Amino acid sequence: MAALSRQVLDWHRLIPLSWAGIARHTPHFGEQKRATASLLRKLTTASSEGAFEGSPHVQPRKCVQEPECRTSLTQCLEKQRAPVDGGSLEREVVISSLLDMGFTDVHVQELLSIQPGPHPQQLLGITSKLILLGVNPEPVCVILKKSPQLLKLPVMQMEKRSSYLRKLGIGEGKLKRVLYCCPEVLTMHQRDIDRIVKVLREKCLFTVHQVTEILHRCPYVLREDPDELEYKFQYAYFRMGVKHSDVVRTDFLQYSITKIRQRHTFLERLGRYQTPDKKGQTQIPNPLVKDILRVSEAEFLSRTACSSAEEFEVFKKLLAREEEEESESHMSGDESTSEKEEEEEDQDQEEEEL
């Protein structure tokens, strides 16, 4: 027992041996250390084929394939650093901006497919301005597809025109309908708009508020010839006895003069419509304007005229012939008048010479 205790004490007095000491006492252990270090170096180095150059008993592990992953990542970064075409990058920026404004992917594709294709920044500028004017994305696509010439319009010109329309009372809320029906209002000459407004104010004697309502409710009048627009109002006022307020309320000016004359004259000859006298009175109750113009031809014939389609077709042909004869007589009258004027001028010259 005493001998065992002495061995234990002697064991506690042992001093830790260094690798050099161990190598001196056990020469073969130094070789083991070098083999271990060599093995560690081999374990952290992968061959190009993913195999290891170590002992056949050591299997490759996923974590050891890190250099290959690092190589792939480097290749990806190099691809990202590759120069990007400026036009493609700008196009991507425009697409992203259009999507942020509320356009769908379909809308964006429709805008980008408009021909002739505008510059991406020009497309973005025009669409942004239309959105700011209160037009929703879907109507913007319809407007630009209907009138691609708007994409050539300078943004500053669009701002000036929208400011001019606001002075006419067509603000953001009303401008949406005007642009949807008549997008040419942004590109047509301002003097043409002024002529229409002048006819409505000075020739037809509408108030400022009524002119604004007409432009909002019937923007198609902006496309009309000023003289024809004046004649259409005179027909409504003098032949049909329609007052100013009713012309505005019923959108009378948006209908063609041909449609107006055909239906009104047909009712007149059927005895179902009378021109009011100076006091605005008639012997029979006239049908409402909306029942004459704001209904389909079939409904007009069945409910308002109480006649057949065949009879109406015959009447339209007769009316067209009458109008043609009237125009010819006017032309012949104008020619005879001009001839008389020339004869009178010749006589005056002869008298002066005498």
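Student: How many residues of each class, nonpolar, polar and charged, are in the lining of the second largest pocket?

Tutor: Ala, Val, Leu, Ile, Met, Phe, Trp, Tyr, Cys and Pro count as nonpolar, Asp, Glu, Lys and Arg as charged, and the others, Gly among them, as polar. Here the lining of the second largest pocket has four nonpolar, three polar and six charged residues. The model is predicted: local features need pLDDT of at least 70, side-chain atom pairs count only at pLDDT 80 or more, and totals for chains, interfaces and linings use all residues. Residues are numbered from 1 along each chain as its sequence is written, and side-chain values use heavy atoms, without hydrogens and water.

Student: What volume of space lies in the second largest pocket, and which residues are the closest to its centre?

Tutor: On a 1 Å grid over the protein atoms alone, a pocket is an open set of points where a 1.4 Å probe fits, with protein on both sides within 12 Å along at least five of seven lines; lining residues have an atom within 4 Å of a point. A volume is the space filled by probe spheres set on the points, which are joined across faces, edges and corners. The second largest pocket holds about 230 Å³. Of its 13 lining residues, Tyr231, Ser256, Ile257, Thr258 and Arg261 are the closest to the centre.

Student: Is Thr265 buried or exposed?

Tutor: Buried means under 20% relative accessible area, exposed over 50%, partly exposed in between (1.4 Å probe, protein chains only). Thr265 counts as buried because its relative accessibility is 8%.

Student: With which residues is Thr265 in contact, leaving aside its neighbours within four places in sequence?

Tutor: Contact means heavy atoms within 4.5 Å. Thr265 is in contact with Tyr235, Phe315 and Leu319, those neighbours aside.
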